[in-house]
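Colleague: I am new to this structure. Please pick one part, look at it closely, and then place it in its wider setting.

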Amino acid sequence: MDTKYLEIIKAPVITEKSQSLSAMGKYVFLVDPKANKTEIKSAIEKLFNVKVKSISTLNVKPKKKRVGRYSGMTNRAKKAIVTLEEGQTISLG
């Protein structure tokens with residue numbers, strides 16, 4: 001595996017909503033906030049040996065958090081919703 005692709009794709013998002021999307025051939029990943037759709041597409045295709053149909057991205061803005069008297073912000077993130085071609089699957093478990 002190429003480390004360049006592992007820097008783009010951080011982790012899969014495992015939630016109830018993302019699990020229901022996987023039944024429709026859509027998978028959700030946390031990606032590098034600087035990555036664009038073509039970089040994400042090539043990374044998914046190389047890492048999982050699948051054919052990507054389309055990609056939707058969304059930026060997760062940081063939220064204010066407070067722990068005792070200390071306040072700060074959570075990290076910003078970027079999510080990619082990857083739609084695969086018919087018959088393609090990714091095993092995340």
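Modeller: Start with Thr-83, a buried residue: its relative accessible area is 15%. That value is under 20%, so Thr-83 counts as buried. Keep one thing in mind from here on: the model is predicted. Mean pLDDT for the chain is 93, and 98% of its residues reach 70 or more.

Where does Thr-83 lie? Its place is in strand E6, which covers residues 77-84. Set aside residues up to four places away in sequence, and Thr-83 touches Gly-25, Lys-26, Val-52, Lys-53 and Ser-54. Lys-26 belongs to strand E2 (residues 26-31). Val-52, Lys-53 and Ser-54 fall within strand E3 (52-60).

Now move along strand E6 to Lys-79, another residue of that strand. Lys-79 is partly exposed, at 28% relative accessibility. That value lies between the 20% and 50% limits, so Lys-79 is classed as neither buried nor exposed. Its contacts, leaving out neighbours within four places in sequence, are Val-28, Phe-29, Leu-30, Val-31, Ser-56, Thr-57, Leu-58 and Val-60. Among them, Val-28, Phe-29, Leu-30 and Val-31 fall in strand E2. Ser-56, Thr-57, Leu-58 and Val-60 fall in strand E3. Lys-79 also has a sequence-distant companion in Ala-11: 68 residues separate the two along the chain, yet their C-alpha atoms are 9.7 Å apart.

These contacts fit the sheet. It is open and holds 4 strands, in the order E1-E2-E6-E3, with antiparallel pairing. In that order, E6 stands between E2 and E3. The edges are strand E1 (9-12) and strand E3 (52-60), and each of these pairs on one side only. From one strand to the next, the twist averages 30 degrees.

Look at the E3 side next. Thr-57 sits in strand E3. Thr-57 is partly exposed, with a relative accessible area of 29%. Beyond its neighbours within four places, Thr-57 contacts Lys-37, Ile-40, Lys-78, Lys-79 and Ala-80. Lys-78, Lys-79 and Ala-80 lie within the span of strand E6. Lys-37 and Ile-40 lie within helix H3 (residues 37-48). Thr-57 and Ile-81 are 24 residues apart along the chain, and 6.2 Å separates their C-alpha atoms.

Cross to the other end of the sheet. Strands E1 and E2 run antiparallel, joined by 3 bridges. Pro-12 has Phe-29 of E2 as its bridge partner. Phe-29 is buried, with a relative accessible area of 1%. That is under the 20% limit, so the label buried applies.

Phe-29 also leads to helix H3. The structure holds 1 aromatic pair. Its members are Phe-29 and Phe-48, with ring centres 5.7 Å apart and planes at 35 degrees. Why is the pair called tilted? An angle of 35 degrees is neither under 30, which would be stacked, nor over 60, which would be edge-to-face, so the pair counts as tilted. The pair links distant parts of the chain: Phe-29 is in strand E2, Phe-48 is in helix H3, and they are 19 residues apart. Phe-48 is partly exposed, at a relative accessible area of 30%. Helix H3 itself lies across E1, E2, E3 and E6, and runs at about 120 degrees to E3.

After H3 comes a loop that leads to E3, and Asn-49 lies in it. Asn-49 is not a glycine, yet its phi is positive, at about 55 degrees. Asn-49 is exposed, with a relative accessible area of 66%.

Now step back to the chain. It has 3 helices and 6 strands. From the N terminus on, the order is α-β-α-β-α-β-β-β-β. Of its 93 residues, 27% count as buried. Thr-83 and Phe-29 carry that label. The C-alpha atoms fill a box of roughly 50 × 30 × 20 Å along the principal axes. About 6800 Å² is exposed, and carbon and sulfur atoms supply 50% of that area. Take the contacts between residues at least 6 apart in sequence: 57% of them join residues at least 24 apart.

Last, confidence by element. Helix H1 (residues 3-8) has the lowest mean pLDDT, 89, and strand E5 (residues 70-73) has the highest, 97.

Key:
Residues are numbered from 1 along each chain as its sequence is written. This is a predicted model: local features need pLDDT of at least 70, side-chain atom pairs count only at pLDDT 80 or more; totals for chains, interfaces and linings use all residues. Side-chain values use heavy atoms; hydrogens and water are left out. Rings of Phe, Tyr and Trp (its six-membered ring) pair if their centres lie within 6.5 Å; planes under 30 degrees apart count as stacked, over 60 as edge-to-face and the rest as tilted. Helices (H or I, at least four residues) and strands (E, at least two) are DSSP runs, numbered from the N terminus. Buried means under 20% relative accessible area, exposed over 50%, partly exposed in between (1.4 Å probe, protein chains only). Contact means heavy atoms within 4.5 Å. Two strands pair if DSSP finds at least two bridges between them. Axes are lines fitted to C-alpha atoms, for helices over the stretch in contact, and angles run from 0 to 180 degrees between N-to-C directions. Accessible areas come from the Shrake-Rupley method with a 1.4 Å probe; for residues, only the protein chains shown count as cover. pLDDT is the predictor's confidence in each residue, from 0 to 100.
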